[in-house]
Amino acid sequence: RERPGHRAVYTHGNRWPHLFLSSVLALCVFFFIDMKIAHLSAQVWDELREKPSLGNTLHIQILAQQFAWNIQYAGPDGKFQTRDDIQTMNQLHIPVHRPIELEMQSKDVIHSFCLPNFRTKQDIVPGMTTRLWFEATETGQFEIACAELCGLGHYRMRGILTIQEKQDFDAWLKKKGSEKNVKKEEDE
């Protein structure tokens, strides 16, 4: 816009309206994009971690400690922390085609319950109850690993997940319950 005899005028504009409009625009863009991403990711997270609503879910409690998995099944009364509970160490038995809910706690340090073959892992933090659910679709034996460095004996913290047909699982559970009753009678 050069014109002969006309001196150029340099203006820096009014800074405050520019800052205000730029800030409002940035907030709107980030807010709406963030909300959309948060909404979509929350839906995916809910699908992955949603607790099964089926009535036949098997509940199992796990207490992680250096360097073992203490596994507890509710006894015939269906309640935990009673005399008829069945306990195992590093041996998790479950039936195939049945939803499993694990209620996990740590006795000492942070552990991480990992089933590599199921591509699932859940951290267990002292003072918190953590839940994890899954459903096995085939029978077999798989490794349970601690995926968190939990001390010098961390390499020893391994367990075995045994997935059985329903009748085999029921027989195993009954056998473990009767072994416990025999041991209890011997102690008395």
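Which residues is A64 in contact with, leaving aside its neighbours within four places in sequence? The legends below take that up in turn, starting with a look at the whole chain. Please keep in mind that this is a predicted model.

**Figure 1. The whole protein chain, with two helices and 10 strands.**
Following the sequence, you meet the elements in the order α-β-β-β-β-β-β-β-β-β-β-α. The radius of gyration of the protein chain is 29 Å, whereas a compact globule of 188 residues would have one near 16 Å. Along the principal axes, the C-alpha atoms fill a box of roughly 115 × 40 × 30 Å. Of the 188 residues in the protein chain, 31% are buried. Among contacts with a separation of 6 or more, 61% are between residues 24 or more positions apart. The protein chain exposes about 13500 Å², and 56% of that comes from carbon and sulfur atoms. As for charge, there are 23 positive and 24 negative side chains, and the centres of these two sets lie 9 Å apart.

**Figure 2. A64 in strand β1.**
Here is the residue from the opening question. Leaving aside neighbours within four places in sequence, A64 is in contact with W69, Q105, S106, K107, D108, H111, I124 and M157. S106, one of these partners, is 42 residues from A64 in sequence, yet the two C-alpha atoms are 4.7 Å apart in space. Is A64 buried or exposed? A64 counts as buried because its relative accessibility is 0%, and the cut-off for buried is under 20%.

**Figure 3. The cis peptide bond between Q66 and F67.**
A short way along the sequence from A64, the bond joining Q66 and F67 is cis, with an omega of about 10°. F67 sits in the loop between β1 (58-65) and β2 (68-73). Both Q66 and F67 are also touched by C150, which is the subject of the next view.

**Figure 4. C150 in the loop between β9 (140-146) and β10 (158-164).**
Although C150 belongs to a loop, C150 is buried, with a relative accessible area of 4%. Not counting residues up to four places away in sequence, C150 touches Q66, F67, V109, I110, H111 and M157. Take H111 as an example: H111 and C150 are 39 residues apart in sequence, and their C-alpha atoms are 6.2 Å apart. Readers coming from Figure 2 will recognise H111 and M157, which are among the contacts of A64 and are touched by C150 too.

**Figure 5. S112 in strand β6 (residues 111-115).**
How buried or exposed is S112? S112 has a relative accessible area of 0% and is therefore buried. The side chain of S112 makes a polar contact with the side chain of D123, at 2.9 Å. Beyond neighbours within four places in sequence, the contacts of S112 are W69, K121, Q122, D123, I124, A145, C146, A147 and E148. W69 and I124 appear again here, as they are also contacts of A64.

**Figure 6. T130 in strand β8 (residues 130-135).**
T130 has a relative accessible area of 8%, so T130 counts as buried. Leaving out residues up to four places away in sequence, T130 touches L102, E103, M104, Q122, D123, I124 and V125. Look for D123 here: D123 is touched by T130, and the side chain of D123 makes the polar contact with S112 shown in Figure 5. For a sense of distance, T130 and Q65 are 65 residues apart in sequence and 14 Å apart in space, C-alpha to C-alpha.

**Figure 7. Two loop residues with positive phi, H97 and R119.**
Neither residue is a glycine, but phi is positive in both: about 60° for H97 and about 55° for R119. H97 lies in the loop between β4 (91-95) and β5 (99-106), while R119 lies in the loop between β6 and β7 (120-124). Are these residues buried or exposed? H97 counts as exposed because its relative accessibility is 51%, and the cut-off for exposed is over 50%. R119 is exposed as well, with a relative accessibility of 81%.

Key
Residues are numbered from 1 along each chain as its sequence is written. This is a predicted model: local features need pLDDT of at least 70, side-chain atom pairs count only at pLDDT 80 or more; totals for chains, interfaces and linings use all residues. Side-chain values use heavy atoms; hydrogens and water are left out. Helices (H or I, at least four residues) and strands (E, at least two) are DSSP runs, numbered from the N terminus. The radius of gyration is taken over C-alpha atoms; the globule rule is 2.2 Å times the number of residues to the power 0.38. Buried means under 20% relative accessible area, exposed over 50%, partly exposed in between (1.4 Å probe, protein chains only). Contact means heavy atoms within 4.5 Å. Accessible areas come from the Shrake-Rupley method with a 1.4 Å probe; for residues, only the protein chains shown count as cover. Lys and Arg count as positive and Asp and Glu as negative; His and the chain ends are not counted. The place of a charge is taken as NZ of Lys, CZ of Arg, CG of Asp or CD of Glu. A polar contact is a pair of N or O atoms within 3.5 Å; within protein, one must be able to donate a hydrogen and the other to accept it, and residues adjacent in sequence count only if both atoms are side-chain atoms.
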